[in-house]
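Subject: A structure for you to look at

Hello,

Here is the structure I promised to hand over. Please open it and keep it beside this email while you read.

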Amino acid sequence: MKILLKPVVFILLTASLGITPVFAVTDTAVIKALTEDAEQGDVEAQYNLGAMYAVGDGIEQDDAKAVVWFQKAADQGDASAQYNLGIMYDHGRGVEKDDRQAAKWYRKAAEQGVAYAQYNLANMYANGRGVIQDDVKAVEWYQKAADKGEVKAQNNLAWMYENGKGVAQDYQKAFSLYALAANEGNSNAQYNLGVMYENGRGIEKNKNKAHEWYFKAAEQGDQDARYHLTLAYAVGELNRAERKKYKNISTDWELQTIEVEASASEQAEAEQHVD
């Protein structure tokens with residue numbers, strides 16, 4: 001199954017957390033005023049100035065200065081700044097890469113309910129990066145993020161249930177979580193749901209439903225889904241409508257050579273994806 005234990009990419013959390021959004025600012029007087037407010041301790045100004053430096057919004061991009069201002073806002077308890085400071089440490093942007101510091105700031109933001117931070121912290125526990133590896137705590141934080149609708153967390157939590165990592169193995173729970181994320185458009189979950197249908201895990205085995213979800217993932221560029229569809233086409237498993245769809249969408253796929261003689265067991269064994 002597919003589980004990508006990677007942090008969520010750099011995301012500037014603004015209005016969703018009650019913080020003034022960052023707009024494109026080119027007036028030097030406005031930037032000067034914002035800087036003055038930040039220097040006087042205004043937490044929103046500190047966060048927004050950090051965000052502007054991080055992305056080069058109306059000001060020359062400068063990761064080191066972004067870290068300075070995110071740090072000041074984070075020290076005042078700003079959840080958005082704490083999350084983004086964690087990102088900076090996680091990726092070594094403007095500061096030396098430091099997994100412990102990344103986990104520290106993710107935790108502070110996660111405890112304030114930031115779903116992205118909860119997901120990233122779960123990944124840190126799953127990987128043992130910056131913290132002692134702990135599947136139980138990974139599940140705990142994946143669950144919190146999943147409850148907030150974070151689809152990557154839903155997919156990874158499903159993988160934990162499927163494989164009995166940090167929680168009792170439960171195929172039906174895994175299936176329902178994969179379906180939840182797949183229906184929100186997560187390509188890894190779509191592929192994983194196809195695997196569940198193909199292998200009859202948590203649901204009655206159904207090749208056509210497996211192909212349906214493989215197609216959805218394949219159309220988003222998932223190479224494993226494309227491989228399975230190509231193999232199914234080669235051995236005659238696709239029905240007429242599926243063959244027609246395959247021919248229409250597969251013309252530009254770049255895949256490794258398919259071994260048509262693959263055994264039935266090789267066809268059935270598919271590794272799941274995580275985010």
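Below I go through the charged pairs, a surface patch, the aromatic rings and a few residues that meet across the fold.

One thing to keep in mind from the start: this is a predicted model.

**Charged pairs**

Side chains of opposite charge can pair when their charged atoms come close. In this model there are nine salt bridges. A good one to begin with joins Arg93 and Asp63, whose side chains meet with 2.9 Å from N to O. What does this pair tie together? Arg93 sits in the loop between helix 4 (79–91) and helix 5 (99–111), while Asp63 belongs to helix 3 (residues 63–75), so the bridge connects parts that are 30 residues apart in sequence. Arg93 has a relative accessible area of 23%, so it counts as partly exposed.

Next, please find Arg129 and Asp99. These two form a salt bridge as well, and their closest N and O atoms are 2.9 Å apart. Arg129 is in the loop between helix 6 (115–127) and helix 7 (135–147), and Asp99 is in helix 5, so this pair too ties together parts that are 30 residues apart in sequence. Asp99 is partly exposed, at a relative accessible area of 23%. This bridge also belongs to a network of salt bridges that links Asp90, Lys97, Asp99 and Arg129.

A further salt bridge runs between Glu198 and Lys207, with 3.4 Å between the closest N and O atoms. Is Glu198 buried or exposed? With a relative accessibility of 6%, Glu198 is below the 20% limit and so counts as buried. Its partner Lys207 has a relative accessibility of 31%, which makes Lys207 partly exposed.

**A negative patch on the surface**

Now turn to the start of the helices. Glu36, Asp37, Glu39, Asp42 and Glu44 form a negative surface patch. Which helix gives the most to this patch? The answer is helix 1 (residues 28–39), with three residues. Glu44 is found in helix 2 (residues 43–55), and with a relative accessibility of 32% Glu44 counts as partly exposed.

While you are looking at helix 1, you can find Ala33 there too. Ala33 is partly exposed, with 33% relative accessibility. Between Ala33 and Ala45 there are 9.4 Å in space, C-alpha to C-alpha, and the two are 12 residues apart in sequence.

**Aromatic rings**

A pair of aromatic rings is described by the distance of the centres and the angle of the planes. How many aromatic pairs are there? The count comes to eight. In one of them, Phe175 and Tyr197 have ring centres 5.3 Å apart and planes at 85°; an angle over 60 degrees counts as edge-to-face, so that is what this pair is. Phe175 comes from helix 9 (residues 171–182) and Tyr197 from helix 10, so the rings tie together parts that are 22 residues apart in sequence. Both Phe175 and Tyr197 are buried.

Another edge-to-face pair is made by Tyr246 and Trp253, with centres 5.6 Å apart and planes at 85°. Tyr246 is buried, and so is Trp253. There is also an aromatic cluster to look for, formed by Tyr83, Tyr106 and Tyr116.

**Residues that meet across the fold**

Finally, here are three pairs to find by their C-alpha atoms.

- Tyr191 is in helix 10 (residues 187–199) and counts as buried, at 1% relative accessibility. Tyr191 and Gln272 are 81 residues apart in sequence, and their C-alpha atoms are 7.5 Å apart in space.
- Asn155 lies in helix 8 (residues 151–163) and is buried, with 0% relative accessibility. From Asn155 to Leu193 the sequence distance is 38 residues, and the distance in space is 9.7 Å, C-alpha to C-alpha.
- Lys108 belongs to helix 5 and is partly exposed, with a relative accessible area of 33%. Lys108 and Leu121 are 13 residues apart along the chain, and 9.9 Å separate their C-alpha atoms.

If you would like a place to begin, try the salt bridge of Arg93 and Asp63, then go on to the rings of Phe175 and Tyr197.

Enjoy exploring, and best wishes!

Notes:
Residues are numbered from 1 along each chain as its sequence is written. This is a predicted model: local features need pLDDT of at least 70, side-chain atom pairs count only at pLDDT 80 or more; totals for chains, interfaces and linings use all residues. Side-chain values use heavy atoms; hydrogens and water are left out. A salt bridge is a side-chain nitrogen of Lys or Arg within 4 Å of a carboxyl oxygen of Asp or Glu. Helices (H or I, at least four residues) and strands (E, at least two) are DSSP runs, numbered from the N terminus. Buried means under 20% relative accessible area, exposed over 50%, partly exposed in between (1.4 Å probe, protein chains only). Patches are made of residues with over 30% relative accessible area and no salt bridge: like charges are joined within 9 Å, nonpolar side chains (Val, Leu, Ile, Met, Phe, Trp, Tyr) within 5 Å. Accessible areas come from the Shrake-Rupley method with a 1.4 Å probe; for residues, only the protein chains shown count as cover. Lys and Arg count as positive and Asp and Glu as negative; His and the chain ends are not counted. The place of a charge is taken as NZ of Lys, CZ of Arg, CG of Asp or CD of Glu. Rings of Phe, Tyr and Trp (its six-membered ring) pair if their centres lie within 6.5 Å; planes under 30 degrees apart count as stacked, over 60 as edge-to-face and the rest as tilted.
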